[in-house]
Every structure is written in structure tokens, then in C-alpha cells.
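User: Could you walk me through this structure, one question at a time? I would like the reasoning along with each answer.

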Amino acid sequence: AKHDTGNRRSRRLQGSAADDATEFLAALAFVCHMHLKQRDFVLSSDSVQGKMREIWQDKSSTLDDMSECLLRSTVGLLSRVGEDEYRFSHLTLQEYLAARYTVGVHGNDAKQLMDKLKPLQSAVSKDGLWNKEVSRFVAGMLKEDVFVQFCKLILEGDDETGSCCEIVQDFLNEREQSSQT
């Protein structure tokens, strides 16, 4: 017997379409995490659409195609939480993908990373706490020379409380753990 799967039919993404889907999810995570600073999002909202159009220009797949494919499929990376409202299935996934996008765009410039992530604010502001895990993922993804520059910039911001040293130690631990897996 044939079962009607309706709109829940999953499309298999291959080749450049799969690459586009990964890039789309990373860009969406970046918008949600670093700009909106929230988990839940309405893809059709002006705030999400504006940022995604800015990021997604000149891609082989259209923004609408990617949205349709990923939001209407059974992939499981995004969960519906309201009428037209979604979220990444787990906050860690959103943080990882936001970090991946951040490294892809700013990964060769330690100063830009400092400006985007604001790691020195992690102990004192809501934005800093929100970016803390993204910063840890970024630290684990950076090339060695950029990582060293990034850590130096953090240590230059020393406020004599030891928090800068703790941040860099946390990043070093993250890199060590990620290199062991």
C-alpha cells in the first residue's frame, strides 16, 4: 500500500544543493544567534528576511528554495514551534552553525572576530553570555595563527580580574578537546 506523505516528503540533497543547505543553515543560525539573539524565528519576518537576503545574494540556490526545502522537510534540524515560527532543534546546533558561519566570513581577521563575538563581555553582559558558546566553537575552528592573534587581543583587554586569562584558558581547553576527537 502506498502512503501519502503530503508536504512532509523529505528531499534528498546532493552535491552543491547539500552544500547550499549547509551554508543556508549556518547563515540562518548566524542571523538568529548573533543578530536577533534568540532561538525562535519567523523566517518571513522583515528582520530575518532582510539579513538573509544580504547574506544570501549571489548563491546558486534561491533563498526561497532553501527555505522551502529545509522548513518543509523532515530533516529534523529545524523544529516548528508556532504557526510560522521555527527554531533549531537544539541550541548547541544553532551555536555551532553560527560559529561555522562566523569563521567562514571573519575567520582570517582576529580583530573582526573580536568585534563580532565580544568575548570580553561574556561575564558582564547578556550579549556576551549569549555569544560565549559561539566564541568557544569559533576558537576551536580557527587556524593556528588567527587563534593566536585572537587570544592576544583578548589578553590585551585584561581588566586585572583574571577574566581574560580564564577566557583564553577556556579556548585553549576547547582546542585541545577538539583536536583529540
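User: Happy to start with β3: which of its side chains point to one face and are buried?

Analyst: Side chains alternate along β3, a strand here being a DSSP run of E with at least two residues, and a helix a run of H or I with at least four, both numbered from the N terminus. Glu85 and Arg87 point to one face and are not buried, where buried means under 20% relative accessible area, exposed over 50% and partly exposed in between (1.4 Å probe, protein chains only). The side chains on the other face, which are buried, are Tyr86 and Phe88.

User: Before we go on, what kind of model is this, and what is its average pLDDT?

Analyst: This is a predicted model, in which local features need pLDDT of at least 70 and side-chain atom pairs count only at pLDDT 80 or more, while totals for chains, interfaces and linings use all residues. Residues are numbered from 1 along each chain as its sequence is written, and side-chain values use heavy atoms, with hydrogens and water left out. The pLDDT is the predictor's confidence in each residue, from 0 to 100. At least 70 is reached by 83% of the residues, and the average is 82.

User: Where is the pLDDT below 50?

Analyst: Among the elements, confidence is highest in helix α4 (residues 91-106), at a mean of 95, and lowest in helix α3 (residues 63-71), at 79. The stretch with pLDDT below 50 has eight contacts beyond near neighbours in sequence, a contact being heavy atoms within 4.5 Å. Where pLDDT is low, the predicted coordinates should not be read in detail. The stretch in question is residues 1-11.

User: Thanks! What pattern do the helices and strands follow along the sequence?

Analyst: The protein has eight helices and three strands. Read along the sequence, the pattern is α-β-α-α-β-β-α-α-α-α-α.

User: In what order do the strands sit in the sheet, and which stand at the edges?

Analyst: The three strands form an open, antiparallel sheet in the order β1-β3-β2, with pairing assigned if DSSP finds at least two bridges between two strands. Each edge strand has a single partner, so one side of it is left without a neighbour in the sheet. The edge strands are β1 (41-42) and β2 (78-80).

User: How many bridges join β2 to β3?

Analyst: β2 and β3 form a hairpin with four residues between them, and Ser79 has Arg87 in β3 as its bridge partner. On the β1 side, two bridges link β1 to β3 (residues 85-88) in the antiparallel sense, and Val42 stands opposite Glu85. Between β2 and β3, the number of bridges is three.

User: Why do the buried residues of α2 line one face of the helix?

Analyst: In helix α2 (residues 46-56), the buried residues are Val48, Gln49, Met52, Ile55 and Trp56. On the other side of α2, Asp46 and Arg53 are exposed. The buried residues line one face because, seen down the axis of α2, they fall within an arc of 135°, taken from the directions from the helix axis to the C-beta atoms.

User: Which residues is Gln49 in contact with, leaving aside its neighbours within four places in sequence?

Analyst: Gln49 lies in helix α2. Its relative accessibility is 12%, so Gln49 counts as buried. Its contacts, leaving aside those neighbours, are Leu43, Ser44 and Leu63.

User: What arc do the buried residues of α5 cover?

Analyst: In helix α5 (residues 110-117), Ala110, Leu113, Met114 and Leu117 are buried. They sit on the same side of α5 because the arc they cover around the axis is only 100°.

User: How far apart are the C-alpha atoms of Asp145 and Ala110?

Analyst: Asp145 is found in helix α7 (residues 144-156) and, at 49% relative accessibility, counts as partly exposed. Along the chain, Asp145 and Ala110 are 35 residues apart. Their C-alpha atoms are separated by 9.4 Å.

User: One last thing: what is phi of Lys37 near?

Analyst: Lys37 has its place in the loop between α1 (15-36) and β1, and is partly exposed with a relative accessible area of 25%. Its phi is positive in a residue other than glycine, near 55°.
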